Amino acid sequence: QKSQEELSRSLRQELGKLEQQLSSSLRDEGAKLEGKLQAQDARRGQQIEVLSEDMVACKQQLAKHTEELRAAEARTEAVKEEFQEKLDEAQATNAAHFKVV
């Protein structure tokens, strides 16, 4: 019976050691995973920051190009009006010339 008690005590001690090792291993693995997740979060944060900066730069470029396009449209309209005026003058001159003849 003593031998069974000793065996039982020995098994309980061994089980306790195994539980401690498992608990320690789980804590270590949890800490490693937490570190990896924090590093991933930091990288994602940096990527988001870079993308945000890129988006701001793109918006600025878009605003600049839109402004340039509007200026070009205004110049085109001015040239079109000038051309129409010259065309009207030429047509009036031709009409007057043919009336005289």
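Three salt bridges: that is the count for this chain. The model is a predicted one, and I will go through the bridges one at a time, then the overall form, then the charges.

Start with Glu29. Its partner in a salt bridge is Lys32, and the closest N and O atoms are 3.5 Å apart. Where do Glu29 and Lys32 sit relative to each other in helix H1? They are 3 residues apart in that helix, which covers residues 2-100, so about one helical turn separates them. Glu29 itself is partly exposed, at a relative accessible area of 43%.

Next, Asp41 and Arg44. Their side chains meet in a salt bridge, with 3.6 Å from N to O. Both residues belong to helix H1 and are 3 residues apart, again about one turn of the helix. Arg44 has 47% relative accessibility and counts as partly exposed.

The third bridge is further along. Here the side chains of Glu82 and Lys86 meet, at 3.3 Å from N to O. Glu82 and Lys86 are 4 residues apart in helix H1, so the separation is about one helical turn. Glu82 is partly exposed too, its relative accessibility being 42%.

Now the overall form. What secondary structure does the chain contain? There is 1 helix, and there are 0 strands. The radius of gyration is 43 Å, whereas a compact globule of 101 residues would have one near 13 Å. Taken along the principal axes, the box filled by the C-alpha atoms is roughly 145 × 20 × 5 Å.

How much of the chain is buried? Of the 101 residues, buried ones make up 0%. The cut-off matters for reading that figure: buried means under 20% relative accessible area, so Glu29 at 43% does not qualify. The chain exposes about 9600 Å², and carbon and sulfur atoms supply 56% of that area.

On to the charges. The chain carries 16 positive side chains and 20 negative ones. The centres of the two sets lie 10 Å apart.

Which residues form the negative surface patch? They are Glu77, Glu81, Glu85, Asp88 and Glu89. Glu82 is not listed in that patch; residues with a salt bridge are left out of patches, and Glu82 has one with Lys86, so Glu82 is excluded.

One member of the patch, Glu85, is found in helix H1. His97 lies in helix H1 as well. His97 has a relative accessible area of 46%, which makes it partly exposed. Between the C-alpha atoms of His97 and Glu85 the distance is 18 Å, and the two residues are 12 apart along the chain.

To recap: 1 helix and 0 strands, 3 salt bridges, and a negative surface patch that includes Glu85. That is what I have on this model.

Notes:
Residues are numbered from 1 along each chain as its sequence is written. This is a predicted model: local features need pLDDT of at least 70, side-chain atom pairs count only at pLDDT 80 or more; totals for chains, interfaces and linings use all residues. Side-chain values use heavy atoms; hydrogens and water are left out. Helices (H or I, at least four residues) and strands (E, at least two) are DSSP runs, numbered from the N terminus. The radius of gyration is taken over C-alpha atoms; the globule rule is 2.2 Å times the number of residues to the power 0.38. Buried means under 20% relative accessible area, exposed over 50%, partly exposed in between (1.4 Å probe, protein chains only). Accessible areas come from the Shrake-Rupley method with a 1.4 Å probe; for residues, only the protein chains shown count as cover. Lys and Arg count as positive and Asp and Glu as negative; His and the chain ends are not counted. The place of a charge is taken as NZ of Lys, CZ of Arg, CG of Asp or CD of Glu. A salt bridge is a side-chain nitrogen of Lys or Arg within 4 Å of a carboxyl oxygen of Asp or Glu. Patches are made of residues with over 30% relative accessible area and no salt bridge: like charges are joined within 9 Å, nonpolar side chains (Val, Leu, Ile, Met, Phe, Trp, Tyr) within 5 Å.
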